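Colleague: I'm new to this one, so please take me slowly through a single part of it. I'd like to look at the surroundings of the ligand and follow wherever they lead.

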Amino acid sequence: MDKIVSLCRRRGFVFPSSEIYGGLGSSYDYGHYGVLLKENVKARWLEAMVREREDIVALDSAIVLHPHVWEVSGHVGGFTDPLVDCRFCKKRFRADQLDAAQCGQRPSKHPGEAPDCDLTEARHFNLMFETRVGPMEESGTKVYLRPETAQGIFINFKNVAQLARRKPPFGIAQVGKSFRNEITPGNFIFRTLEFEQMEMEFFVPPDEADEWYRYWIDERRAWYLRLGIRESHLRVRPHDADELSHYSSATSDIEYLYPIGWSELEGIANRGDFDLTAHTAASGTKLEWVDSGSGERYTPHVIEPAAGLNRSMLAFLCDAYDEEEVAERERTVLRLHPLIAPVKAAVLPLIPRDAAITEKARALYEQLRRSLAVEYDDGGQIGRRYRRQDEIGTPWALTVDEQTLEDDTVTIRDRDSLAQERIPIAGAREVLLDRLDEPWQSPKAD
Ligand code: ATP
């Protein structure tokens with residue numbers, strides 16, 4: 001993980017937040033390549049969930065909702081972590097994760113194991129951030145920053161079902177920020193105070209719930225594999241009965257083998273009719289499906305694939321990170337699927353001092369940037385420039401050299417195989433688009 005954190009910092013993917021003030025734990029800022037990578041992952045999710053399907057529509061609900069939403073959903077009462085404090089070292093730990101925590105004393109042990117450890121009883125601590133709506137702190141209404149995007153979907157069920165003219169089975173998908181006052185230290189962007197979720201609520205006739213639950217587990221697993229995650233590093237783990245949330249009759253986690261061990265990447269839950277029924281009872285608005293032809297009415301059951309955008313990005317980074325020796329020199333390379341790589345191709349003039357070469361290279365760059373994320377780089381030796389692109393995961397580099405001036409061809413270098421071939425400048429865009437379309441498999445060993 002340290003190597004990934006250091007690469008992310010070195011290449012401007014992710015920085016610790018508020019760094020000039022000493023940082024804020026579990027909070028990160030995303031730099032240029034981090035934004036591009038994250039946006040690409042999000043775009044692939046929206047493409048698979050919305051654009052390529054007729055049965056799912058998009059939604060963007062507010063972050064601050066009516067406070068009743070969180071009472072009815074069970075979050076005000078039950079969205080808690082059990083915490084213990086150590087009276088001796090003054091540190092705070094998750095009571096259910098003492099085995100993974102480090103005691104505040106040296107030599108460090110697990111909390112409770114050193115002779116001076118003096119742990120309190122576990123207390124429940126709500127994970128929702130509170131704030132107020134209204135001009136005066138005292139008189140304003142207490143509201144919450146949403147801890148999940150799902151509730152914004154449930155409370156809009158009636159609006160969307162009517163306007164989108166869909167009948168179950170159909171889904172509503174949303175990507176957006178969620179906030180949780182997490183106290184366990186972060187493991188980089190795996191667990192942060194604010195993060196983006198990619199959630200989809202799929203509303204189905206009750207007797208089809210189990211079938212759709214299994215369908216979505218397979219679909220979501222396949223999505224990660226299509227985007228190049230190695231099969232050996234992905235697994236589906238069904239929850240035991242005692243792990244299930246209050247609303248769920250079945251949940252499976254898709255887990256990735258992060259450097260910190262197997263951990264949740266996405267959860268797929270069969271939420272039954274819990275949410276629609278609870279919001280119907282509390283709001284008086286019937287959140288049910290009524291067939292206008294037959295008059296049949298029922299409350300749909302819900303299957304929810306809930307993924308974390310930042311956690312997926314971390315999984316893609318971990319899966320892609322590689323080091324190898326080429327011509328007796330170490331190279332670090334991000335073997336990202338070309339579709340999610342922040343930059344698809346770099347255009348490099350071999351001899352930056354040569355005006356004719358740079359002119360050709362800039363013209364190629366200007367042409368390509370209209371349809372692809374490309375980068376022009378004329379700073380430093382060519383080997384250094386290749387290494388820079390390898391580290392940010394750019395799958396192809398197009399090099400303009402003296403021969404280009406004679407025959408209008410460029411070399412295309414492949415990030416993974418390092419193979420170089422000459423292609424006509426005129427067909428460069430098509431070559432890149434064709435290669436982007438091809439299925440891709442990680443060349444990294446398991
Ligand atoms: P965990 O058990 O790791 O706290 P969770 O089961 O509470 O996660 P869900 O409520 O199912 O998580 O949220 C769906 C997804 O949102 C998770 O699979 C994860 O990818 C992401 N997620 C949840 N909490 C965080 C967080 N604090 N930081 C980053 N991503 C998160």
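Modeller: Happy to! Around the ligand there are 15 residues, each having a heavy atom within 4 Å of it, and those that come nearest are Arg180, Glu182, Arg191, Glu264 and Arg311. Keep in mind that this is a predicted model, where local features need pLDDT of at least 70 and side-chain atom pairs pLDDT 80 or more, while totals for chains, interfaces and linings use all residues. Numbering starts from 1 along each chain as its sequence is written, and side-chain values use heavy atoms, without hydrogens or water.

Some side chains make polar contacts (N or O atoms within 3.5 Å). Glu182 places a polar side-chain atom 2.8 Å from a ligand nitrogen. Oxygen atoms of the ligand are approached by Arg311, at 2.9 Å, and by Gln197, at 3.3 Å.

Now follow Arg311 into its helix, H9, which covers residues 309-320. Helices here are DSSP runs of H or I, at least four residues long, numbered from the N terminus. The axis of H9 comes within 10 Å of that of H2 (residues 32-51), and the two cross at roughly 105°; axes are lines fitted to C-alpha atoms over the stretch in contact, with angles from 0 to 180 degrees between N-to-C directions. H2 is therefore roughly perpendicular to H9, a label for 65 to 115 degrees. Where they meet (heavy atoms within 4.5 Å), H2 brings Gly34, Leu37, Lys38, Val41 and Lys42, and H9 brings Leu309, Asn310, Ser312, Met313, Phe316 and Leu317. That contact holds 6 nonpolar, 3 polar and 2 charged residues.

Note on methods
A polar contact is a pair of N or O atoms within 3.5 Å; within protein, one must be able to donate a hydrogen and the other to accept it, and residues adjacent in sequence count only if both atoms are side-chain atoms. Angles under 35 degrees count as roughly parallel, over 145 as roughly antiparallel, 65 to 115 as roughly perpendicular and the rest as oblique. Ala, Val, Leu, Ile, Met, Phe, Trp, Tyr, Cys and Pro count as nonpolar, Asp, Glu, Lys and Arg as charged, and the others, Gly among them, as polar.
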